Amino acid sequence: MVKKILGELHEFKLPSILTPVCMIGEVIAEMIIPILMGRIVDLGISGADMNYIIRTGLMMIVVALFGLAAGVGGAVFGSKASTGLARNLRKRMFDNIQTFSFSNIDKFSSAGLVTRLTTDVTNIQNSYQMILRMAMRAPASMIIAMVMSFIISPRLASIYLIAVLCLAVIIVIMLNKATRYFKEVFEKYDKLNESVQENVSAIRVVKAYVREEYEKSKFRTAALNIYEMFVRAEKIVTLNGPVMTGTVYICIILISWIGAHMIVSGELTTGAMMSLLTYCMNILMSLMMLSMIFVMITMSQASAKRIIEVIDEKTSIDNPEKPITEVKDGSIAFEHVNFSYNVESEEPVLKDVNLEIKSGETIGIIGGTGSSKSTLVNLISRLYDVNEGRVLVGGVDVKKYDMETLRNQVSVVLQKNVLFSGTIYENIRWGDKNATDEEVRKACCLACADEFIEKMPNGYDTFIEQGGANVSGGQRQRLCIARALLKKPKVLILDDSTSAVDTATDAKIRKAFAEEIPNTTKLIIAQRISSIQGCDRIIVMDDGRIDGFDTHENLLENNTIYREVYDSQVGSSGDADFDEKV
Amino acid sequence: MAEEKIKEVRGPGQRPGRGAPRPDIENPGALFKRIMGYVLKDYTLHLVIVIACIILTVVASVQGTLFTKTLIDSYITPLIGQANPDYGPLANAIGRVVMFYALGVVASFIQARLMIFVGQGTLRNLRIELFEHMESLPIKYFDTHAHGDIMSIYTNDIDTLRQMISMSLPQLLNSAITIVSVFVSMLVLSIPLTIVTIAMVGVTLFVTAKTTKVSGKNFVDQQRNIGTLNGYIEEIMTGQKVVKVFCHEDEVINKFDELNEELYQSAYKANAFANILMPIVAQIGNLSYVICAIIGGAIALNQYLGFTVGGLASFLTFNKSFSMPINQVSMQFNSIIMALAGAERIFKLIDEKPETDDGYVMLVNAKEENGQIVESEEFTGHWAWKHYHKAEGTTTYQPMEGDVTFNDVDFGYTDEKMVLHNILLHAKPGQKVALVGSTGAGKTTITNLINRFYDIQDGKIRYDNININKIKKADLRKSLGMVLQDTHLFTGTVADNIRYGKLDATDEEVKAAAKLANAHGFIKRLPEGYNTMLTGDGANLSQGQRQLLAIARAAIANPPVLILDEATSSIDTRTEKIVQDGMDKLMHGRTTFVIAHRLSTVKNSDCIVVLEQGRIVEMGTHEELLELKQRYYQLYTGNKPDMVSA
């Protein structure tokens, strides 16, 4: 795992190596300084040697400058390496995501991908920086301090060794227990916040049913519960401080007592004892630091795993070896197609589908939710690959086409469609970036989008906000249709793309299609029977099968499902949409 | 008189968001004081003990430092060279120090323990106050604030405040006390050396301020670039399928690379500047040590002012332990500023004006006695409005029927822009009123006024001939049922969710309501029936099923007046039929205001109200309006009127 992540370092390998080197330099300076300090006291002050004090003082300054240079170097290199790693990880993930097929995208979900690209990368960046700067420093500092202590006096230094071992055991036990408690607390804490979220978004329901007091008492109970749990978890953590200071104090006392005896018997100088006491702090601080690093590593482990999942994901749809780069015509055929989103776990979503659509035909598709209408059309532009059978466009298996060619010739307006932040011109030009203003306007006119665009203060230069937040649902759908039309495709697929457009405009768009692009094969999925009854032929989908494929009149006569839908919408009971979104 | 009072309350000063005291981040002192107010409210004693413990801890550690001096000067040096050294005095001294240390450890333990209660307890209180206050806020607050922003108060802001109270605060106290006590000890040991040390601290602070300024600018850059890049990532990930369909991968990658590079550059600089601070400060500390050693050495060797070698040794330790707390304070500074900014947002929510309620007409259980309506203690199934007339000092009871009138109502969400003009409406008990019109015509707004989610600017709305401003809000809302287009369910069982409409409903009542709403069928088929847990707004149910539950929830409340917002398409025809049937059953016998999207609903209404730009343009039955061949005709047929006449 570590290897995978570090594999993305590339040009930041050198700073990654220099950082710990610098940090060790800083540690060495830090270690030498107490010795010099001890000498100043010992030899300089006790020996009343002013020259010695000044000489050692100057030496100390030199060492301090060296430490400063190393420290600054460590800071700069460490920052470069960690932010650089973050940059490379983001890029590697983003590039790979762009190769993802629809099933890859479904697997991760957009929210999941966003978290991986943002929070998870930040986690890695922070812990990498921490590890580079501290992981070497803390053990190095501890070992050097330990070695120095042993050089000064092995007898006294062994006190440290025992203290460190004891503390390490205690810290590990506490951390273990605390992380378990905290995990529990944070799960509960998330739940509490979820309930707040629920209240914020459902505030109208709360107020309409006058349930403010009820919600308050529910929240109060939950908040008290969280409080108890936090207190329990923190009680363990707060033991840390007293245990640490306690150990430091015990060490100081032992060293003072034993050291005093040694000084008296001439085995130790006063200066050496002072140095020893300084190392005491160094050793225990490093231990503390190490425990923090462990926590950080465990925390970032999950992030690293999630990032690697994205980097390792292989696209499930690849371009063929010798791709065909021309689509002959807009004819479509399905031959014994079976399809499921997850081959192992579920029964097929499409079962033995056979279809034959001639180039230039207008086909309507109708059926209940979950009858796999969208699935059917998504196979045509090879957004998913079939499990069995073949899908042919222009007489050729879609798997043999160059994907870009196929998708430019088979233009889909997805059910969940989005616009991107940018002007209307920019958004429509997604269909063809070299299109002239004239062509863009023509496409908009075909999609009946021109009428509202021209009414906007800036016309085609109007800025669309992220997700198209500043246009209405119907307007958004029309812009998406215009964008798809600009490709001048041989096959145009509208997946429930006029549901928010009023009936009159809907009819107008269909009329424009019939008149302006007669040779384009058009597939229209709709809930409203009025949207499709004028089509050449209509496919009735039911539970992954084609229940009927015929003209409106014939279906009315022979197809029960179609008749049922027709009756409920247009017939006697008169339940058609009363659509008011003009 | 009551009328006057209401007018007064609705004066301009009452509108939320205006005139409310808002603490400024430029006034961190006041903010800090307010936070401390919360801490002190319940935990004054705790805090006093904590401060005492911190003082003990600091004294213990200062004693420890001084001990080195005494140890060397008074106990070790005299022993050197003695043939039979007497360790007795040394043992005594060490014994004393052991006591100090033990005291220090115990004190630091008590302090840490108590701070848990202070920190977590304060947060618990704050959290509860925040939530309870939020529940009391008017709908307007939720409509004008992004839900993500409100949520971030509970998650981010409370969290930073938690860190400040439980970590920064004790550390600050500790640092402050250490600084003072070390300073005093230094002064006692040597005044000239103290001046030198203070001067070096000045240098440290100066350098810190300079570096922080540069890194601050870089941090702002970094934050901005993170924002841009994350925004771009979110946008593209949401639209990733569209990117694929349009083969736009390369363009997207190019833009991403550009933003990614910008972020890297600024992040690198921001981090580097922040990180160099630590080594710089540490080395200035060492410099200070050397200078003190040299000057101190000179003084000690020349025996000025009775300054001893041991004294110098102690002073140098103090010198080291003086710069440490100062660095700590400067490091805590950032987190404190962040916590204060968070606290500002928390207090802003707490300072929002809650929904006011001056209603005095109450809804009571009623029964008939000798042809007179009287109040009843127990549930009778009949309700009446209890109306107290102040002028006459009498109380009248009036049966609740569900008669709603709008009399020349004007309304705007802000005073500047009116969205409803001269609305005149009368819904008699049991009538169905359909509101139709294009998006933004004001349909939803009308329904928001009946239950007083918003208050009108002019005109009157009457419920059973009582001005709704006189009715207690809770009672008014209890008498109105609501089924919205976006159904919101709560975490809990299916039965809990239905029972939301009537908390003390029996299992039979729940079942009956579900049956009425056509929800019983699907609930039976759920793995655990009525006890199935729903989470995440009923994510495990289909949209149609969620709607059925919302209808059942309204049915169990059994209100005389209903506000319905029909769902726009996207449910398939079969489910829609079931939902529609449920709604129809619910509407039966109740006064209903329905924001209609379905032809059958509109056709079967007693009154169709066609709205356009906040005005009623047509009103009447289906046949009457078709006859007019105006706006309704156009909506109904999808043809423009002039096209027909032509």
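Biologist: Which residues of H6(A) are buried?

Modeller: In this predicted model, the buried ones are Arg137(A), Ala138(A), Ala140(A), Ser141(A), Met142(A), Ile144(A), Ala145(A), Met148(A), Ser149(A) and Ile152(A). H6(A) itself runs over residues 137–152.

Biologist: How do you know that helix H6 of chain A is close to its expected span?

Modeller: Set one value against the other: its 16 residues reach 22 Å from the first C-alpha to the last, and 22 Å is what you'd expect at 1.5 Å a residue.

Biologist: Okay, on to Asn282(A). Why is Asn282(A) called buried?

Modeller: The cut-off for buried is 20 or more other C-beta atoms within 10 Å. Asn282(A) has 21 within that distance, so it counts as buried. You'll find Asn282(A) in helix H11 of chain A, residues 270–312.

Biologist: And what does Asn282(A) touch, leaving out residues up to four places away in sequence?

Modeller: Ser141(A) and Ala145(A). Both of those are on the buried list for H6(A). Leu85(A), on the other hand, sits 31 Å from Asn282(A), C-alpha to C-alpha, with the two positions 197 residues apart in sequence.

Biologist: What makes Cys280(A), Ala447(A), Ala482(A) and Ile493(A) stand out in the largest nonpolar core?

Modeller: Of the 209 residues in that core, those four touch the most other members. H8(B) is the element that gives the most to this core, 19 residues.

Biologist: Why do you say this core lies between domain 1 and domain 2 of chain A?

Modeller: Because both domain 1 (2–312) and domain 2 (332–417 + 492–571) of chain A give residues to it. The centres of those two domains, taken over C-alpha atoms, are 58 Å apart.

Biologist: Which residues does Ala447(A) touch, again not counting residues up to four places away in sequence?

Modeller: Arg478(A), Ile481(A), Ala482(A), Leu485(A) and Ile509(A). Ala482(A) is also one of the four that touch the most other core members.

Biologist: Which residues does the second, separate core include?

Modeller: That one has 80 residues, among them Leu534(B), Leu564(B), Val579(B) and Ile616(B).

Biologist: Now the chain contact. How many residues does each chain put in?

Modeller: Chain B gives 120 residues and chain A gives 120 residues. On the chain B side, helix H8 (residues 249–301) brings the largest share, 27 residues.

Biologist: How many residues of each class does that chain B side have?

Modeller: There are 67 nonpolar residues, 34 polar and 19 charged on the side of chain B that touches chain A.

Technical notes
Residues are numbered from 1 along each chain as its sequence is written. Chains are lettered from A and ligands numbered from 1 in the order in which they are written. This is a predicted model: local features need pLDDT of at least 70, side-chain atom pairs count only at pLDDT 80 or more; totals for chains, interfaces and linings use all residues. Two residues are in contact if their C-beta atoms, placed from the backbone, lie within 7 Å. Helices (H or I, at least four residues) and strands (E, at least two) are DSSP runs, numbered from the N terminus. Ala, Val, Leu, Ile, Met, Phe, Trp, Tyr, Cys and Pro count as nonpolar, Asp, Glu, Lys and Arg as charged, and the others, Gly among them, as polar. A nonpolar core is a set of buried Ala, Val, Leu, Ile, Met, Phe, Trp, Tyr and Cys residues joined through C-beta atoms within 7 Å. A residue is buried if 20 or more other C-beta atoms lie within 10 Å of its own, exposed if 12 or fewer, and partly exposed in between; C-beta atoms are placed from the backbone. Domain bounds come from an automatic or database domain assignment. The expected span of a helix is 1.5 Å times one less than its number of residues.
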